[in-house]
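Below is a walk through one protein chain, taken element by element. Keep the sequence and the model in view while reading.

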Amino acid sequence: MTRSSWADHDWQVIHTAPQPPALHMALDDVLTDEVSSGRRPPTLRIWEWASPAVVIGRFQSLRNEVDAGAAARHGIEVVRRISGGGAMFIEPGNTITYSIFAPLSMVEGMSFEQAYTFMDEWVLAALAELGIDAWYQPLNDITSAAGKIAGAAQARRGKAVLHHVTMAYDIDASKMLDVLRIGREKLSDKGTTSANKRVDPLRSQTGLPREAVIERMLQVFTQRHGGTRDALRPAELERAEALAAGKFTTPAWTGLVP
């Protein structure tokens, strides 16, 4: 198969109202299938979060990653996504999350490392325009001299690749350390004051409102790759809502790896 380019595809852009964490997991599942089957053109989806969450990777141990008691105390929902990678701590307004649903032909013959960098070149360009010198830290982190900015994850399924990224716009480091065990372990020898050094949010690096950062990202994406504004189709949303209820909110899925 010949590798296709961004320009070979008619890109759609979706940016809708805030949605619950489990519905976001389900939408990634549904839209990956829609693009794989050719029912939907390749799509960039900007997420808005209705409530706080911890999102764990497909293969992570729930117990090892999350302090369930702390999550419950803070009213934080724990959900598991369909891609690999590490745990993400999410608070509405503090996070910029997006998914790219692309034809598998775009990453044909690429290693995961190459595919991660390729999918986010436009984001690095947008960050550069905002005054941030950012680069890819293999395998799946976007970082700068000030610290990590974002983490990515991918899943290849059927004829599509799902690539999604969570960027830290702002962060409540003490709450994150309370809920995520892995963060605690990494920082235990340095003291919790190091948390802000490990993850340096876009707010401190740009001084801009979150909406302005998203706007610049969308400008760069559409300048480089095109992009027609689109919405979720009723059938897509219906399928995702059913999947959220039947899979992504169930203890069987969330605790798949105990």
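## Strands, cores and a cavity

β6 and β10 are antiparallel partners, joined by 9 bridges. The model is a predicted one. Within this pairing, Thr-95 sits across from Ala-168 of β10. β6 also pairs with β2, again in the antiparallel sense, through 4 bridges. Here Ile-46 has Tyr-98 of β6 as its bridge partner. β6 is mostly covered, with 9 of its 9 residues buried.

Tyr-98 leads on to the packing of side chains. The largest nonpolar core holds 41 residues, and Tyr-98, Trp-122 and Met-167 have the most contacts inside it. Two or more residues come to this core from each of β2 (43-46), β6 (95-103), α4 (112-119), α5 (121-129), β7, β9, β10 (160-168) and α10. A second core, separate from this one, has 25 residues, including Ala-26, Val-35, Ala-53 and Leu-232.

What does Trp-122 touch, not counting residues up to four places away in sequence? Its contacts are Trp-6, Leu-44, Tyr-98, Ile-100, Met-217, Val-220, Phe-221, Arg-224 and His-225. Val-123 belongs to helix α5. With residues up to four places away in sequence again not counted, Val-123 touches Tyr-98, Ile-142 and Met-167. Tyr-98 is therefore a contact of Trp-122 and also of Val-123. Val-123 has a relative accessibility of 0%, so it counts as buried. Along the chain, Val-123 and Lys-159 are 36 residues apart, and their C-alpha atoms are separated by 24 Å.

His-225, one of the contacts of Trp-122, lies in helix α10, which covers residues 210-225. Is His-225 buried or exposed? Its relative accessibility is 13%, under the 20% limit, so His-225 counts as buried. Apart from neighbours within four places in sequence, His-225 is in contact with Trp-6, Trp-11 and Trp-122. Trp-6 is in contact with His-225 and is also touched by Trp-122.

The next stretch to follow is the run of strands from β7 to β9. Strand β7 (residues 134-137) and strand β8 (residues 141-144) run antiparallel and are joined by 4 bridges. In this pair, Trp-135 faces Thr-143 of β8. The two strands are connected by a hairpin of 3 residues. Leu-139 is located in the loop between β7 and β8. The peptide bond that leads from Pro-138 into Leu-139 is cis, and its omega is near 5 degrees.

From β8 the chain continues to strand β9 (residues 147-157), and these strands also run antiparallel, with 4 bridges between them. Ser-144 has Gly-147 of β9 as its bridge partner. How many residues lie between β8 and β9 in their hairpin? There are 2 residues between them. Both β7 and β9 are among the elements that give two or more residues to the largest nonpolar core.

Helix α1 spans residues 21-37, 17 residues in total. From its first C-alpha to its last, α1 reaches 25 Å, close to the 24 Å expected at 1.5 Å a residue. Why is α1 described as largely enclosed by the rest of the structure? The reason is that 15 of its 17 residues are buried. Just after α1 comes Gly-38, with a positive phi of about 85 degrees.

Glu-236 is in helix α11, which is made up of residues 234-248. The relative accessible area of Glu-236 is 2%, so this residue is buried. Setting aside neighbours within four places in sequence, Glu-236 is in contact with Val-30, Leu-31, Glu-34, Arg-40 and Ala-231.

The last topic is enclosed space. Rolling a probe the size of a water molecule over the atoms shows where empty space is left. A search of the whole structure finds 1 cavity of 30 Å³ or more. The largest cavity holds about 110 Å³ of space. It is lined by 15 residues, and those closest to its centre are Val-55, Arg-81, Met-88, His-164 and Thr-166. Which elements give two or more residues to the lining? They are α1, β5 (88-90), β9 and β10. β9 and β10 also give two or more residues to the largest nonpolar core.

Key. Residues numbered from 1 in each chain as written. Predicted model: local features only at pLDDT ≥ 70, side-chain atom pairs only at ≥ 80, totals over all residues. Heavy atoms only, no water. Expected span 1.5 Å × (residues − 1). Buried < 20%, exposed > 50% of the residue type's maximum accessible area, 1.4 Å probe, protein only. Contact = heavy atoms within 4.5 Å. Pairing = 2+ DSSP bridges. Core = buried A, V, L, I, M, F, W, Y, C linked by side-chain atoms within 4.5 Å. 1 Å grid on protein atoms, 1.4 Å probe; cavity = no way out; pocket = protein on both sides within 12 Å on 5 of 7 lines; lining within 4 Å. Points joined across faces, edges and corners; volume = space filled by probe spheres on them.
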